[in-house]
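Colleague: I should like to learn how the features of a protein model are read. Please take me through them in turn.

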Amino acid sequence: MDAQELVRRYAAGDRNFAKSKLRGLDLGGVVLAAANLDGADLRECNLSGANLTEGVMRGARLDQARLERACLR
């Protein structure tokens, strides 16, 4: 899945991205609040400034992800 599809699906109300292969995507500044990213591959993603509040990220791979100013509450 690419970044545009992820944002489009989120805007359409989809919140379940568990085990998605998102490696290396530029998701800087996106809003994914309350998204299920359980077990997702987020390695090397740019998540700078992203809003991931109230999301589920158990088992998510975040190796070398950029998390500057990301909201992970």
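Modeller: Let us begin with burial: buried means under 20% relative accessible area, exposed means over 50%, and partly exposed lies in between, with a 1.4 Å probe and protein chains only. In this protein, 36% of the 73 residues count as buried. Please note that this is a predicted model, in which local features need pLDDT of at least 70 and side-chain atom pairs count only at pLDDT 80 or more, while totals for chains, interfaces and linings use all residues. Residues are numbered from 1 along each chain as its sequence is written, and side-chain values use heavy atoms, with hydrogens and water left out.

Colleague: How many helices and strands does the protein have?

Modeller: Helices (H or I, at least four residues) and strands (E, at least two) are DSSP runs, numbered from the N terminus. The protein has one helix and zero strands. Its radius of gyration is 10 Å, close to the 11 Å that the globule rule gives for 73 residues, so the protein is as compact as a globular protein of that length. That radius is taken over C-alpha atoms, and the globule rule is 2.2 Å times the number of residues to the power 0.38. Along the principal axes, the C-alpha trace spans about 30 × 20 × 20 Å.

Colleague: Which residues have the most contacts inside the largest nonpolar core?

Modeller: A nonpolar core is a set of buried Ala, Val, Leu, Ile, Met, Phe, Trp, Tyr and Cys residues joined through side-chain atoms within 4.5 Å. The largest one here has 19 residues, and Leu22, Leu32, Leu37 and Leu42 have the most contacts inside it. Contact means heavy atoms within 4.5 Å. Leaving aside residues up to four places away in sequence, Leu42 touches several residues, among them Leu22, Leu37, Met57 and Ala60. Of the contacts in the protein with a separation of 6 or more, 3% are between residues 24 or more positions apart.

Colleague: Where does Gln4 lie, and is Gln4 buried or exposed?

Modeller: Gln4 lies in helix H1, which covers residues 3–11. With a relative accessible area of 66%, Gln4 is exposed. Its C-alpha atom is separated by 9.2 Å from that of Leu27, 23 residues along the chain.

Colleague: What is notable about the phi of Glu44 and of Glu54?

Modeller: Neither residue is a glycine, yet phi is positive: about 65 degrees for Glu44 and about 60 degrees for Glu54. Glu44 is in the segment after H1 and counts as partly exposed, at 39% relative accessibility. Glu54 is also in the segment after H1, and is exposed with a relative accessible area of 67%.

Colleague: Which residues do Gly55 and Lys21 touch?

Modeller: Residues up to four places away in sequence are again not counted. Gly55, partly exposed at 31% relative accessible area, touches Ala34 and Ala35. Lys21, exposed at 67%, touches Met1 and Asp41.

Colleague: How many aromatic pairs are there, and which residue lies over the face of Tyr10?

Modeller: Rings of Phe, Tyr and Trp (its six-membered ring) pair if their centres lie within 6.5 Å; planes under 30 degrees apart count as stacked, over 60 as edge-to-face and the rest as tilted. By this rule there are zero aromatic pairs. A charge sits over a ring if NZ of Lys or CZ of Arg is within 6 Å of the ring centre and within 35 degrees of the ring normal. Arg15 lies over the face of Tyr10, at 3.6 Å from the ring centre.
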